[in-house]
Amino acid sequence: MNDVKMHICPTCGGKLLVNTERQMYECPYCGGTFDYDYFREDNVKDVASKAIRRNEFGSAKDAYDFMLTKDPHDFEALRGLFICKHKWQSMSMMNRDSEVHVSADDPTLKNAIEKCLPGHRPYFEKVREALSELQHYRDLLREDEDIVKRKSVEQSALGNLRSEYNHNSQRFKDAWYEVMDLEPKEREAVLSFAIVLPILVVGAIILNRAWPFLIFFAVMAVFAVGIYHLAKLLTGKHLLKMMVPYEKKIEELAGQHEAKSAEAVQSHDRYKELVHEFMDMDPLAQNIGQSDSQSR
């Protein structure tokens, strides 16, 4: 027995239930029974529509199931079951694609395509095509998101290399800062050595006994500075060379991101077009329009 409200019991005023097995309506309060003919088709459709507006999708589903017992090809009932399953107010819900979480292989939609009249089949097939396009659009977004993440990783690695390159270019300044950051006693020792050494050299020159030492000291100093700058230059070139693959990869990923984003925009536009197409194909809306034209 299905607990859909079909009508008010004329005997006691209770809510009638439909018993599809016995092909009649029953009142659970007074026990009264009524034939199916007690309700016209329009009444059942009205019950289903009102139930959907109240978000009573279980009751609406039962009403649509009842309609299909009379006409297995009823368009409104087949579409109504699809709407009830996904708890929508109407098919216009598909205009809000961010809230649509339905597969193109949805069993209720597949059932509607199989059981509807040939003239109504294009409508349901267009719905399925729109859902398939929506899934394609979301796949593109996920692929694009993956590209952006990969690009971010490459940019982070390139940033580290650039930081190392800049650090390498500032070694002299960093060395002086490191000296200034020494403990007070250590700093005093370094500065004392830097002061005493020139005094010793000058004293030796005055005594004419330190020319060989002075020459040796000068050569060693030039050699040390040369070695340092050579190492700095080679390290810098090595770091620049290491940056090249990352820069190329980032450029490649940027191109992929741009292309994938454009493809996603096209897919989303196509989905919107398909939604408008099946909305325009709605047989019920067309019947209403024809009725209005005839009444005029």
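In this predicted model, helix 2 and helix 3 run roughly antiparallel to each other, because the angle at which they pack is about 155° and angles over 145 degrees count as roughly antiparallel. Their axes lie 9 Å apart, and helix 2 passes helix 3 in a left-handed crossing. On the side of helix 2, the residues that take part are Phe57, Ala60, Lys61, Tyr64, Asp65, Met67 and Leu68, and they meet Glu76, Ala77, Leu78, Gly80, Leu81 and Cys84 of helix 3. Sorted by class, this contact between helix 2 and helix 3 holds nine nonpolar residues, one polar residue and three charged residues.

Tyr64 also appears in the largest nonpolar core, which has 47 residues, and belongs there with Trp88, Met91, Met94, Phe124 and Leu131 to those with the most contacts inside the core. The helices listed below each supply at least two residues of this core, and its largest share, eight residues, comes from helix 5.

| Helix | Residue range |
|---|---|
| Helix 1 | 41-53 |
| Helix 2 | 57-70 |
| Helix 3 | 75-85 |
| Helix 4 | 107-115 |
| Helix 5 | 121-169 |
| Helix 8 | 211-280 |

Apart from this largest core lies another core, of five residues, and among them are Leu158, Leu161, Leu239 and Met243.

Which residues is tryptophan 88 in contact with, leaving aside its neighbours within four places in sequence? Tryptophan 88 is in contact with Ile52, Phe57, Phe82 and Ile83, and also with Met93, Met94, Val100 and Val102. Of these partners, Phe57 is also one of the helix 2 residues that meet helix 3, while Met94 is listed beside Trp88 among the core residues with the most contacts.

Technical notes:
Residues are numbered from 1 along each chain as its sequence is written. This is a predicted model: local features need pLDDT of at least 70, side-chain atom pairs count only at pLDDT 80 or more; totals for chains, interfaces and linings use all residues. Side-chain values use heavy atoms; hydrogens and water are left out. A nonpolar core is a set of buried Ala, Val, Leu, Ile, Met, Phe, Trp, Tyr and Cys residues joined through side-chain atoms within 4.5 Å. Buried means under 20% relative accessible area, exposed over 50%, partly exposed in between (1.4 Å probe, protein chains only). Helices (H or I, at least four residues) and strands (E, at least two) are DSSP runs, numbered from the N terminus. Contact means heavy atoms within 4.5 Å. Axes are lines fitted to C-alpha atoms, for helices over the stretch in contact, and angles run from 0 to 180 degrees between N-to-C directions. A crossing is left-handed if the near helix is turned anticlockwise from the far one by less than a right angle, and right-handed if clockwise. Ala, Val, Leu, Ile, Met, Phe, Trp, Tyr, Cys and Pro count as nonpolar, Asp, Glu, Lys and Arg as charged, and the others, Gly among them, as polar.
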